[in-house]
Amino acid sequence: MPTPTANAAARFLAQASMGASRAEIARVQALGYAGWIDAQLAAPRSGTRWDWLIEKGFNGATFRNSEQGFDACAWRKLITAPDTLRQRVTLALSEICVVAISGLVGAPWRNFSAAAYLDLLEDHAFGNYRNLLGAISTSAPMGQYLTFRGNVKQNPTTGALPDENYAREVMQLFSIGLIQLNTDGTAKLSNGNPQETYGLNDITGLARVFTGWDFDLTGTSRDTPDFLRRPMLQVASRHETGASTFLGSTVPAGLSGADALKAALDIIYAHPNVAPFISRQLIQRLVTSNPSPAYVGRVAAVFNNDGRGVKGNLAAVIKTLLLDPEARNDSYVTPSYGKLREPMLRLVGWARAYNVGSASDAWAIGNTSDAATRLGQSPLRSPTVFNFYRPGYIPPNSAMGKLGLAAPEFQLTNESSVVGYVNFMQRLISKGIGDVIADYSSLLPLATNSQNLLAEINQVLAAGQLGSSTLGLIKGAIDTMPATTPAALNNRVYAALTMVMAAPEYLVQQ
Amino acid sequence: MTTDISRRAFLQRASALAISGAASPLAINLAAMAEASAANASDYKAIVCVFLYGGNDYANTLVPYDAASYNSYYSLRPNLAYQRSALSGTVLSTASAPVDVNGVAHQYALAPELAPLLPIFNAGKMGVLLNVGTLVQPTTKLQFTNKSVPLPSKLFSHNDQQSEWQSSMPEGATTGWGGTLGDLFASGNGNATFTCVNVSGNAVFLAGRQAVQYQVSTNGSVPFAALQKPLFGSATCSNALQTLMTQAQPNLMQSDYARITQRAIAANDVLTSALGSSTSLTTPYPANNNLADQLKMVARMIAAAPALGAKRQVFFVSMGGFDTHDGLVTVHPGLMKTVAEAMAAFYQSTVELGVSNQVTTFTASDFGRTLSGNNDGSDHGWGSMHFMLGGAVKGARYYGTAPVVATNGPDDVGQGRLLPTTSIAQYAATLGSWMGVSNSDLLTMLPSLANFNASSRNLGFL
């Protein structure tokens with residue numbers, strides 16, 4: 001395999017990492033795509049968000065009922081962790097198996113609960129999807145978010161039945177989806193119609209399994225956050241012990257809560273939808289919004305069997321989807337190929353390209369959810385379990401929509417958010433936020449020569465996607481700016497970065 | 001009804017366009033309808049959809065109050081039920097009581113936290129729609145059980161039922177009935193951009209085939225800093241920025257993105273000026289209430305409607321948090337309070353602006369919820385109760401059919417999930433008709449409406 005060009009390496013990094021930098025581009029060129037992936041799969045894990053929160057004292061009593069520290073620990077990892085592929089997959093998983101900090105209710109230490117959830121996703125990012133399902137299904141944050149923590153069995157006196165929330169969403173969103181799929185992700189049709197995967201009775205059946213789980217406070221209390229990273233415990237007296245029937249199978253009566261959960265997840269996991277349903281979404285998060293059925297099929301086949309008979313090997317799935325010809329080969333790049341970069345990744349891409357740091361280690365970027373003034377998106381702050389955007393979102397009144405094509409990230413894109421983003425980045429690029437500031441030492445020496453300056457930015461941030469016409473437009477404008485003082489050179493760098501990051505040719509990753 | 005689209009003009013226009021071959025049949029259809037509608041809409045009218053995301057718990061919103069129904073309600077959700085005594089201040093009194101399928105009369109009370117809406121109801125400016133939900137056609141319980149008639153797809157699923165409410169289709173729809181109203185009326189508005197306005201994000205409800213929803217923040221349109229002030233001191237850079245952000249590209253998503261930016265820039269200039277020159281509101285709005293902030297922005301835009309040349313507008317605001325599987329007793333009353341205070345303030349500001357008879361506000365939500373609870377919440381349901389507010393609403397009364405309060409009753413499809421007896425299409429048709437859409441165009445706007453008896457398509461609340 002020939003050495004990838006720098007633009008090709010940067011394009012690969014837009015799919016496989018939290019963002020390119022000169023150094024990372026050089027590593028991809030040195031190792032090749034597969035070698036780089038293997039190195040990332042083998043890389044040691046960066047420190048946990050949880051440990052950072054502890055180190056910074058966020059377990060102090062004053063933070064008990066706050067979210068403080070969470071945004072900082074999340075951004076810090078996204079921007080600085082060397083295991084960049086693991087961070088990218090963790091972020092993708094956080095948008096499939098969604099938890100949001102605002103819904104971590106019923107206990108103190110919301111900051112730690114959110115951190116624990118991201119750490120847990122990261123534990124399994126290169127692991128096995130069945131293990132991931134098991135882990136989230138007993139995780140305290142998920143128990144809080146989808147309200148099965150504290151669920152009780154049917155109460156014959158009050159008539160109360162088990163809470164159905166998790167039973168529904170674990171099937172609809174985290175494993176099989178609503179309609180029967182072929183292995184290539186297309187709908188299985190019967191007389192021309194899609195077939196639903198489950199009905200109301202399946203939900204009430206499965207809901208019986210998710211009873212009896214509660215925080216594990218053994219030897220501890222709510223005065224420290226520790227219980228939030230322990231798997232939940234079964235309280236036998238609250239667990240429904242009768243049989244539970246769903247998806248045409250039955251979890252037999254009399255099993256312990258833990259065994260019933262295992263049996264139920266095995267039933268769900270055996271469904272042929274899991275591989276195409278999850279594979280397609282991972283492709284959408286990393287590579288392109290409308291993968292061909294053949295591409296989905298190739299990745300789903302590896303999901304179903306990694307070559308050693310194992311289903312759900314995420315490392316193999318990730319490697320396959322990134323090395324697939326449809327991800328790597330330019331001949332697949334049609335006018336509808338690619339994806340809108342999600343706002344969080346734009347910020348982190350800039351930060352990684354220009355060595356953004358926080359001298360005090362405070363990482364005070366904060367919650368960036370406000371669309372009118374910030375990014376309209378922030379880590380683990382989806383408004384609902386349906387993520388910031390749906391995988392099937394077709395933007396109305398759009399060229400994509402006319403072709404019936406999805407563009408999930410456009411669900412966040414509107415007249416307020418397009419402006420809020422540029423205004424926010426303009427400020428961030430020039431002033432930083434708190435002490436979170438960039439190091440433009442790689443750009444300032446180029447600032448007197450606008451052509452070289454733009455070539456460098458275009459390559460690292462945009463994988464060379466800005467065409468000559470747009471580059472000419474920006475160059476013409478930069479050339480009218482003074483270049484005689486350090487402040488003037490800074491302004492040239494700021495203006496060039498702002499214009500590139502506002503350009504649609506950058507915003508859509510091809 | 002103030003407008004009646006001329007069938008003959010419509011056909012003449014359509015055939016003229018067909019000969020020219022200038023547009024697809026559908027575009028012809030809509031262009032012609034829009035022209036005809038615009039011709040007659042000289043007055044101002046707006047509808048405002050208040051969407052309660054998550055699926056509002058109907059039983060603790062409009063609480064059964066007559067002794068028999070209350071007792072059933074209480075026995076089915078003892079952990080979640082209001083005490084009957086807590087409801088005495090918000091009992092709805094009406095000239096005639098709504099009856100259920102068995103002919104039994106019902107009485108209801110608003111959740112106590114909805115008290116700010118009670119004076120509006122009593123003044124005859126608010127109506128209640130009973131057991132409304134997504135339906136393909138009138139459906140009996142037997143038909144539901146036997147699956148012998150088409151049902152809305154993906155029942156009980158949040159995203160799909162939100163989409164069914166807004167667009168008559170599950171997720172993936174690209175046009176909603178609010179947007180179709182926009183298609184019909186945009187050309188009669190001075191500036192088509194402000195026909196369909198969303199203050200809460202993107203919603204398929206407001207997307208038409210031509211009409212594009214305009215998203216505005218609670219503080220108005222957001223200006224590009226770099227277009228207000230030279231970008232890092234360079235006006236040339238500001239100009240270049242505007243050009244590169246808005247120019248068409250071969251990649252479709254790039255062009256789609258650029259089009260949204262174009263709209264943002266164009267709309268900001270117009271809207272900022274119109275808002276600045278319009279009456280400012282004195283009606284007090286509740287603090288720390290995002291729904292109220294959104295509705296206040298709607299009121300400000302309605303005040304600016306003359307400056308914008310708007311004759312027909314469709315607004316969308318929303319609030320989340322209604323998915324009360326858990327902690328219903330703790331959470332739901334606060335949600336009700338937020339909704340009621342926001343909607344009452346908005347109604348008052350339409351009175352202040354002298355347009356209360358021209359603005360109709362209505363609630364919507366993914367679905368209703370179960371009546372029999374889980375331990376501390378309720379689960380996804382189907383039919384629900386909704387409110388219509390405004391001077392044009394024939395209020396202080398109920399519409400639709402009261403559901404029997406029972407599990408395994410005639411209206412129950414499981415744990416008190418209501419089988420709707422009134423469809424969204426009828427709800428939407430009544431609003432559309434008031435806006436001036438002809439009966440035939442309502443059938444185009446709402447594909448399932450034809451499955452309902454012609455005499456039942458307009459619910460009569462306007």
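Me: A residue is buried if 20 or more other C-beta atoms, placed from the backbone, lie within 10 Å of its own, exposed if 12 or fewer, and partly exposed in between. Which residues of H9(A) are buried?

Reply: Happy to help! This is a predicted model, where local features need pLDDT of at least 70 and side-chain atom pairs count only at pLDDT 80 or more, while totals for chains, interfaces and linings use all residues. Residues are numbered from 1 along each chain as its sequence is written, with chains lettered from A and ligands numbered from 1 in written order. H9(A) is a helix (a DSSP run of H or I, at least four residues, numbered from the N terminus), and its buried residues are Asn165(A), Tyr166(A), Ala167(A), Arg168(A), Glu169(A), Val170(A), Met171(A) and Gln172(A).

Me: Why is H9(A) largely enclosed by the rest of the structure?

Reply: Its cover includes helices H7 (129-137), H10 (200-207) and H11 (257-269) of chain A. H9(A) is largely enclosed because its buried residues number 8 of the 8.

Me: Which element gives the most to the side of chain A that touches chain B?

Reply: Here 68 residues of chain A are in contact (C-beta atoms, placed from the backbone, within 7 Å) with 67 of chain B. Elements giving two or more residues include H9 (165-172), H18 (417-431) and H21 (486-502) of chain A. With 7 residues, the top contributor is H18(A).

Me: How far apart are the C-alpha centres of domain 2 and domain 3 of chain A?

Reply: Domain bounds come from an automatic or database assignment, which places domain 2 at 128-272 and domain 3 at 274-333. The C-alpha centres of these two domains of chain A are separated by 26 Å.

Notes:
Contact = placed C-beta atoms within 7 Å.
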